Protein chains: 2
Amino acid sequence: MSNVQAIHAGWIIPVEPGDHVLENHTLVIDGAQIEALVPSADWRNPGNAIEIDCRRHALIPGLVNTHTHAAMALFRGMADDLPLMEWLEQHIWPAEARVGSREFVRDGTRLAAAEMLLGGTTCFNDMYFFPDEAAAAAIEAGIRCVMGMIVIGFPTAWASDVDEYFRKGQAVHDQYRGHPLVTTAFAPHAPYTVDDAALKRVATLAEELDVPVHMHVHETAFEVDSALAATGVRPLHRLHQLGLLSPRLLAVHMTTIHDEDYELVARTGVNVVHCPESNLKLASGFCPVARLAGLGINLALGTDGAASNNDLDMLGELRTASLLAKGVAGDPCALPAAAALAMATLGGARALALDHLVGSLVPGKLADVVAIDLSALGTQPVYDALSQVVYAAQRSQVSDVWVGGRRVVADGTLTTLDSDELRQSAAAWRDRIRP
Amino acid sequence: MSNVQAIHAGWIIPVEPGDHVLENHTLVIDGAQIEALVPSADWRNPGNAIEIDCRRHALIPGLVNTHTHAAMALFRGMADDLPLMEWLEQHIWPAEARVGSREFVRDGTRLAAAEMLLGGTTCFNDMYFFPDEAAAAAIEAGIRCVMGMIVIGFPTAWASDVDEYFRKGQAVHDQYRGHPLVTTAFAPHAPYTVDDAALKRVATLAEELDVPVHMHVHETAFEVDSALAATGVRPLHRLHQLGLLSPRLLAVHMTTIHDEDYELVARTGVNVVHCPESNLKLASGFCPVARLAGLGINLALGTDGAASNNDLDMLGELRTASLLAKGVAGDPCALPAAAALAMATLGGARALALDHLVGSLVPGKLADVVAIDLSALGTQPVYDALSQVVYAAQRSQVSDVWVGGRRVVADGTLTTLDSDELRQSAAAWRDRIRP
């Protein structure tokens, strides 16, 4: 079979350079890489290329879901409309204690990976237990992933103490070294669950292994206020003292940012990962994305886990991000369509230090590509394909998805996993989990 | 053909009485009406009933889109990310001046009606020009509608002065009197575009004709502040002086509510129509829905026009409403799933004085029913069908829709209008509208 695929697209939105839209262009994939973007009228089949008709579609770079707890897809809709601590203490943690296991992570991550691919997400940055098992599920699904080497100051089914978290995490790092789909990041859970000694070790090892650091930071005002009351220092400043504020850090949530913190975040090159739907659902606060963007801070986008969202729909999330940024800033020009799409693609890739490989449709990058059918009535008429993708398209309009040149969704169907089997597995877990 | 349809559903969410979910029940439709909801195990086919298998589906009442400018679907994505006045003055109004016509309203309303039905909306409350033409398009599509007798203090293609607006509006009222799908409401555009004399006439005539009054009220802080500066009175108080605050009024947007206004709105029985996505996109402010709900004020939900949303997706809108209410109230228990669904169905029906006919799945009401397929991976597993409908389901999962017992969407396909023809029409209008 040929290694060359030519996708004839109505519109291509490459994300870089600039925020232009190419009309009637062909994206040529050779093996795992993007070879060229050329006007369709100028392209000739060399004889061996497979041609794919996407003339009613817009092509975008694969979406990068920069904050997930993928396996928690199996908890979707188990408990809603509850105060945060009641939700955690009476529902999520007891369920995790009861069923959290290697098998749970495998099946939950398979379900999540399938949902993400079908919605145009080609890469996810995960923080959960049994990351080796999650990586295996992602590889089976054919999705790119960054697996968190989780560190947390209490025992779980994955590890009994901090030493074991580090040891097991680094074993995962070694296991997947050089894998085409899997990289790793340190994932210390949050400032309030990881002590100074462990955080210093994260800072040192992240340099040694040259990996990102993925962490919940300033998720709520309560977190900041209680740290301040207990220690006299805001978590962000503590992380700075420990040497963690750098371009390696993905600070997730960041709903509570004091005036003097903006300059610190900008100066140290920290990446902010925005999770608007989870922040809304848990009433965690509003991340000031327009102000952060104005300072040149790199922004990425995540869904968080399906237990607090309740989907892993990055197209929906980027739309919420764009709308909410305008409302919060009081400015209808805040986070315009192109910036929202960049946040959901290149911004995530940059935060994960993968932007030399993915995040935009540029010759030489890996072919992580998503085709969105704009012929649905809800995206008619098309004045501007970018506007339709950001403000009107639904994930059900994602028809085809390529990860590293492999077509993992074809005409709306996953080519790697069996959806009926995933449904049966989800139902079986529900029956085990439901009290 | 039989007039009896029996829908065997995995879950039925009737919305009233209470917020319970019925599992494995059958909804029986006789002619235009709901006859019964019975456990599927107890139901026997009398011989003539058509049986429909929705065992993977949840049935909900048809969604009521309580604020639209339907024909503006043809402007979808024409101009985004702009300040409000630049958007209106340089894009929307010039386009309306150039192409606003009977034909535009017919074709735009057909497109909007098709989009709405496919997404589970069975009734819409419209405010636009040529309401007679919009009603004809709605009837053709098979969707229920409330047509606004628009009144605005400047000439348009529909009418040249206030007298003509009233005359033509009442002619539409007379034309559709007794129609099974069409009712009317007065639709004075906004406090700042309609003078006191015309508003008094609206108040008087609304009583005489026994119809609702549909109006933009307190859409932005700017509107309230400039009225206060010019007249010394807030628009809401002016409307009160003119006798318009009553259960007839649908006050749309209401992002700016002073402390002392809450009691006034509650006491006078005004309905508040929340349009969260439009409010976010135009940075109009945040409607305090949790506080309004706490006072027992009736809440309805609308998408607004597709020029400022950019879709007519009520399932997405009710999810945004529920999430945003939590964020704005700082309370994860605000506007829980059942309340959000009630706002999008029974709340709208009540605001439109149609709640004796539609808005919930109760024997004797008209059969406006929507089936949502929950077997998609993004709504798996199902712990709670209500949670899946509100927090995870997408409108693409709407498979079947009945309006007054007529199945207008069957297996995801519209039975009344031709989608290809709608696409061609939309493309032709785009070519005329685009400068």
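## Close-up views of a two-chain predicted model

The structure holds three cavities of 30 Å³ or more. The model is predicted, and the views below take up its cavities, its symmetry, the contact between its chains and its largest pocket.

**Figure 1. The largest cavity is lined by 23 residues.** Its volume is about 310 Å³. Among the lining residues, those nearest the centre of the cavity are A:Glu277, A:Gly316, A:Arg319, B:Gly316 and B:Arg319. Rolling a probe the size of a water molecule over the atoms is what shows where empty space is left.

**Figure 2. A salt bridge joins A:Arg319 to B:Asp311.** The closest N and O atoms of A:Arg319 and B:Asp311 are 2.9 Å apart. A:Arg319 is also one of the residues nearest the centre of the largest cavity. Between chain A and chain B the count of salt bridges is six. Polar contacts across the interface of the two chains number 31 residue pairs, with both residues at pLDDT 80 or more.

**Figure 3. A turn of 180 degrees lays chain A on chain B.** The RMSD of this superposition is 0.0 Å, and the shift along the axis is 0.0 Å. The two copies are thus related as by a two-fold rotation axis. Which residue of chain A comes closest to the rotation axis? A:Ser396 does, with its C-alpha at 3.1 Å from the axis.

**Figure 4. Chain A and chain B each give 62 residues to the contact.** Of the interface residues of chain A, 100% are also interface residues in chain B, so the copies meet through the same surface. The area buried between the two chains is about 5000 Å², and carbon and sulfur atoms give 58% of this area. A:Asp81, A:Leu377 and A:Tyr383 supply 17% of the area that chain A buries against chain B, which is more than any other three residues supply.

**Figure 5. The largest pocket is lined by residues that include A:Ser396 and B:Ser396.** The volume of this pocket is about 1200 Å³. Its lining is made up of 44 residues, and those nearest the centre are A:Arg395, A:Ser396, A:Gln397, B:Ser396 and B:Gln397. How many residues of the lining are nonpolar, polar and charged? The lining divides into 12 nonpolar, 20 polar and 12 charged residues. A:Ser396, listed here among the residues nearest the pocket centre, is also the residue of chain A that comes closest to the rotation axis.

Terms used: Residues numbered from 1 in each chain as written. Chains lettered and ligands numbered in written order. Predicted model: local features only at pLDDT ≥ 70, side-chain atom pairs only at ≥ 80, totals over all residues. Heavy atoms only, no water. 1 Å grid on protein atoms, 1.4 Å probe; cavity = no way out; pocket = protein on both sides within 12 Å on 5 of 7 lines; lining within 4 Å. Points joined across faces, edges and corners; volume = space filled by probe spheres on them. Nonpolar A, V, L, I, M, F, W, Y, C, P; charged D, E, K, R; others polar. Least-squares fit on C-alpha atoms with pLDDT ≥ 70 in both. Contact = heavy atoms within 4.5 Å. Buried area = accessible area lost by both parts, 1.4 Å probe. Salt bridge = Lys/Arg side-chain N within 4 Å of Asp/Glu carboxyl O. Polar contact = N/O pair within 3.5 Å; in protein donor to acceptor, adjacent residues only side chain to side chain.
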